[in-house]
Amino acid sequence: MRRLTNVNPASLVESVERLTADGTRAAVVGGGTDLLGMIKDDLVPTEVLVNLKGLTERGSLDLVETEPVGIRIGGLVTLAQLSTHPLVTAQYRGLAEAAGSAATPQIRNVGTVAGNICQRPWCWYFRQNFPCYKHGGNRCFSRVGENEFNAIFGGGPSYIVHPSDTAPALITLGANFRIVGPSGERVISASDFFTLPRTDVSRENILEPNEVLANIYVPSTPGLRSTYAKVLDREAWTHAVTSVALALEMDGNVVSRASIVLGGVAPIPWPLKAVEELLAGQRITESLAAEAGRLAVDGAQPLSKNGYKVTLTENLVRNTLQSLANEV
Ligand SMILES: Cc1cc2nc3c(=O)[nH]c(=O)nc-3n(C[C@H](O)[C@H](O)[C@H](O)COP(=O)(O)OP(=O)(O)OC[C@H]3O[C@@H](n4cnc5c(N)ncnc54)[C@H](O)[C@@H]3O)c2cc1C
């Protein structure tokens with residue numbers, strides 16, 4: 001068993017200094033529901049836990065607060081808080097549903113939203129410590145192996161799927177991430193945060209190892225309706241086999257703008273631009289929802305054992321669209 005050092009920085013600046021000083025030996029820990037399991041299974045070299053829950057400047061990091069044009073969510077806000085917070089449930093139902101659909105009540109009580117967005121892949125081969133691309137190797141075992149839960153879009157050279165439930169919802173809501181690092185802060189759109197393996201197979205997002213995801217800004221859009229729907233391989237407590245986050249801006253019963261992003265089917269939350277264009281300016285009918293479902297899976301490239309995800313995703317998109325439209 002490796003020896004771990006827990007450090008409790010007082011500020012974000014101090015956290016970044018510690019991450020910079022200890023390099024790959026150090027990692028940020030929020031709730032630890034993902035990181036501590038990876039350490040136990042020897043999947044990551046972490047020896048120094050930079051514990052954000054010890055920050056004395058927590059304030060904005062563990063609160064959901066109103067902003068002049070929306071809300072600001074602290075990276076340490078738990079999934080349980082996010083799923084029930086009145087500011088979130090009132091205006092951003094899709095985000096509340098996504099947070100409330102993740103994992104188990106116990107994990108949601110300690111797991112943070114930043115940890116949810118930054119969690120590592122749950123591909124069977126990565127978690128069993130196979131020498132795959134994610135562990136610095138030179139192959140993806142799922143490409144020809146047990147690939148029931150792997151990518152049908154955007155794969156190659158690695159076929160992991162992005163596991164976060166909150167990330168697709170945040171993208172549909174136009175969220176921005178505040179990142180703190182050694183040269184100060186930067187704000188980046190949630191839709192630009194995630195990285196395809198063909199760009200850099202070693203990582204899932206653009207964060208440098210010494211950067212911290214501090215806050216999430218979600219703009220307010222009057223009349224926006226959103227939802228999140230997820231298909232599991234068992235009744236509860238697990239990641240999405242496929243999921244869809246949907247946000248519709250309506251003008252009466254006509255869609256003025258649609259935003260739609262899939263989860264669990266690609267190495268990043270997978271945006272459906274062609275479907276968004278199809279829906280803009282239209283009234284959602286049964287036949288339009290069916291066409292949207294078909295278009296959603298256009299270009300899918302299933303592996304040997306995950307063709308079933310194509311049909312599931314098509315049906316999920318069609319049904320979710322239809323039921324959100326019926327509420328208008
Ligand atoms: C049994 C089980 C079921 C699960 N099911 C789901 C599910 O259905 N849906 C889902 O989305 N997730 C699921 N998870 C994954 C995950 O543990 C939780 O979603 C949780 O939100 C992770 O948050 P955390 O604060 O515990 O992360 P941690 O374990 O603390 O961190 C996770 C990763 O993010 C990094 N990190 C944490 N905070 C920051 C930050 N502020 N800035 C930069 N990097 C950071 C850490 O270094 C680490 O690499 C599941 C986990 C388990 C064990």
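## Close-ups of a predicted model

**View 1. Strands β11 and β12 side by side.** Strand β11, covering residues 254-263, pairs with β12 in the antiparallel sense, and two bridges hold the count for this pair. One of the residues to look for is V261, whose bridge partner in β12 is P271. Keep in mind throughout that this is a predicted model.

**View 2. The whole open sheet.** Zooming out from that pair, we get four strands in an open sheet, running in the order β9-β10-β11-β12. The pairing is antiparallel. At the edges stand β9 (224-231) and β12 (270-271); each has a single partner strand, so one side of each is left without a neighbour in the sheet. As a reminder for anyone tracing the backbone, strands of a sheet pair through backbone hydrogen bonds, either parallel or antiparallel.

**View 3. Polar contacts to the ligand.** Which atoms sit opposite the ligand's oxygens here? In the side chain of T112, an N or O atom is 2.7 Å from an oxygen atom of the ligand. The backbone joins in as well: a backbone N or O atom of G32 lies 2.8 Å from a ligand oxygen, and for A103 a backbone N or O atom lies 2.9 Å from an oxygen atom of the ligand. How much of the ligand does the protein bury? Taken alone, the ligand exposes 980 Å², and 90% of that is buried by the protein.

**View 4. The shell around the ligand.** There are 31 residues around the ligand, and V28, T33, T112, N116 and D165 come nearest. By character, the shell splits into 16 nonpolar, twelve polar and three charged residues. Three elements to pick out are β2 (26-29), α7 (113-118) and β8 (212-219), each of which supplies at least two residues of the shell. Which one gives the largest share? That would be α7, with four residues.

**View 5. The largest cavity.** Searching the whole structure turns up one cavity of 30 Å³ or more. About 80 Å³ of space lies in the largest cavity. Its lining is made up of C123, Y125, F126, C132, Y133, K134, R139, C140, F141, S142, S158 and I160. Sorted by type, the lining of the largest cavity has eight nonpolar, two polar and two charged residues. The charged ones are easy to find in the list: K134 and R139 are among the lining residues.

Methods: Residues are numbered from 1 along each chain as its sequence is written. This is a predicted model: local features need pLDDT of at least 70, side-chain atom pairs count only at pLDDT 80 or more; totals for chains, interfaces and linings use all residues. Side-chain values use heavy atoms; hydrogens and water are left out. A residue is near a molecule or strand if one of its heavy atoms lies within 4 Å of it. A polar contact is a pair of N or O atoms within 3.5 Å; within protein, one must be able to donate a hydrogen and the other to accept it, and residues adjacent in sequence count only if both atoms are side-chain atoms. Accessible areas come from the Shrake-Rupley method with a 1.4 Å probe; for residues, only the protein chains shown count as cover. Ala, Val, Leu, Ile, Met, Phe, Trp, Tyr, Cys and Pro count as nonpolar, Asp, Glu, Lys and Arg as charged, and the others, Gly among them, as polar. Two strands pair if DSSP finds at least two bridges between them. On a 1 Å grid over the protein atoms alone, a cavity is a set of points where a 1.4 Å probe fits but cannot get out, and a pocket is an open set with protein on both sides within 12 Å along at least five of seven lines; lining residues have an atom within 4 Å of a point. Grid points are joined across faces, edges and corners, and a volume is the space filled by probe spheres set on the points.
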